[in-house]
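Me: Please take a close look at the salt bridges here, with their partners, their distances and how open each partner is to solvent.

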Amino acid sequence: MTEVKTAGLIFICFSLLYGSVAALNCTSPTPESLFDALEKELFPKKLLRPVKGFSDTLNISIHITVVGILGVDEKAQSLTTFIWQILEWDIEGLSWDEKECGTTRVSVPREKLWVPDVHISEFMDEDKSPKTPYVYLYNTGRVFDDKPVRVVSSCRLEIYTFPFDIQNCSLTFGPHLHRAEDIRMFHGSTAELILAESREVLMTKGEWELADIESAQNSLEITEGSYSEIKFFIILRRRPVLYVVNLLIPSCFLITLDLFSFLLPPQCVDRSAFKMTLILGYTVFLLLMNELLPVTGNTTPLINVLFSVSLALMVASLLETVFITNIQFSSSQYSAVPHWLSVLVLRYLAVVVFLPPKQKSNRITVSLRPPAREPAINPGIISSRDLQIISGDTPPEKTPPEPDQALDELRKLSRDLTAIRLEMDKHFQGSKTTQEWQMVGIVIDRLLFGLYIIFISVSFITIVSIWIWNNSFLD
């Protein structure tokens, strides 16, 4: 009798040491009978890892379903998601007969079983997930732990292509204490099905949409040992319609208005006033829409560069308009155009903007001597000949003048006509310096107009290309 007791004690100690569980025997196919058997064979060993030996590895299957994206914080670099986590593992040696016990599975309190210490490495907030007190236990010894988890995880957000950005955030599941030789994480048999269904679960109308979920098995190597991990990559895509309607389209409208303002005459004062009004409106627009832009210190979004360059071009066009207006009204007071500026602008840039310089005229006007002053007529003294002309009487014909006298009259008339033509040329054409300065202003005005067209075209093509690529990603 003593030997039997000793043998029984040795068997119990051996069973507790290695976590071995025998097949359950139910007295009747009722829940009470099954729970009595579990209370006797399984529940007392909840502190032990359910394997036969210390060197045995427990395989844990994990798969997740993304229920919803609750929020993305660009400033805090965090992602808030609501997922459904499913863990499965086997209790070695545990089984029961379906006919004998009356069921193939039963729900048991979580605290009655050994549960793996699986956690998320990127978790960065208090766990506010709803608690699920029960797990499923199958007659094959399979444990099915299904619970919802609210995850606030760290995620490095790349917002360079905002609002057409695609984010790749990871969730790493692994044991907190047990090493790889104790627990090994791997994908469950239904992992592919669950991941495929994630697209259908997340049918929300928020800012973000789920593009894809990828997974990879990983091993964390540290000085204390190796730890088995499963890493899920949650790929999110931002819906850009809100930002396109509220940011990009109004900005493009204002830039287009500033572009067409170049069609106004440069000498028109209203052109400067119109451009100043546009700059003021664009500044107010940026201040009002600043809340829609992401705030982070890692990188500058491409859309911010677009707005900055647009504002810079508006200011540059206003300064250029002021410069040209000043040339139009004050060029006569300037000194000659510097040679390097004349060569750069009038010879090279003028060709670039399809405005070749005007050909100089080969005709040269030479004045032999300044025109002689005509003697002033004293209105108080009128000769008899003048009285005859005024009264309409025809004076008596005189003999033709001598040839020398006629030649002098022609020379006098030529000098008078030359002086009149010089004055007319100076009045209508201006001086050479004034013409060069005005030509410099016209070339610069057209050059900035061309740069505006190039910038708007490149920006539009870039935005459309990013949008098309974003919408075709993983479709």
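Reply: What follows goes through the salt bridges one pair at a time.

This is a predicted model, in which local features need pLDDT of at least 70 and side-chain atom pairs count only at pLDDT 80 or more, while totals for chains, interfaces and linings use all residues. Residues are numbered from 1 along each chain as its sequence is written, and side-chain values use heavy atoms, with hydrogens and water left out.

Across the whole structure the search finds 12 salt bridges (a side-chain nitrogen of Lys or Arg within 4 Å of a carboxyl oxygen of Asp or Glu). In one of them, Asp165 pairs with Arg238, with the closest N and O atoms 2.7 Å apart. The two partners come from distant parts of the chain, 73 residues apart, since Asp165 sits in the loop between S6 and strand S7 (166–175) and Arg238 belongs to strand S10 (residues 225–238) (strands are DSSP runs of E of at least two residues, numbered from the N terminus). Asp165 is buried, at a relative accessible area of 0%, and Arg238 is buried as well, at 1% (buried means under 20%, exposed over 50%, and partly exposed in between, with a 1.4 Å probe and protein chains only). Both residues also belong to a salt-bridge network that includes Glu74 and Glu207.

Asp90 and Arg142 form another salt bridge, their closest N and O atoms lying 3.1 Å apart; this pair too links distant parts of the chain, joining strand S2 to strand S6 over 52 residues. Here Asp90 is partly exposed at 33%, and Arg142 is likewise partly exposed at 22%.

Glu158 and Arg156 meet at 3.4 Å, N to O, where Glu158 is partly exposed at 39% but Arg156 is exposed at 65%.

Methods. Helices (H or I, at least four residues) and strands (E, at least two) are DSSP runs, numbered from the N terminus.
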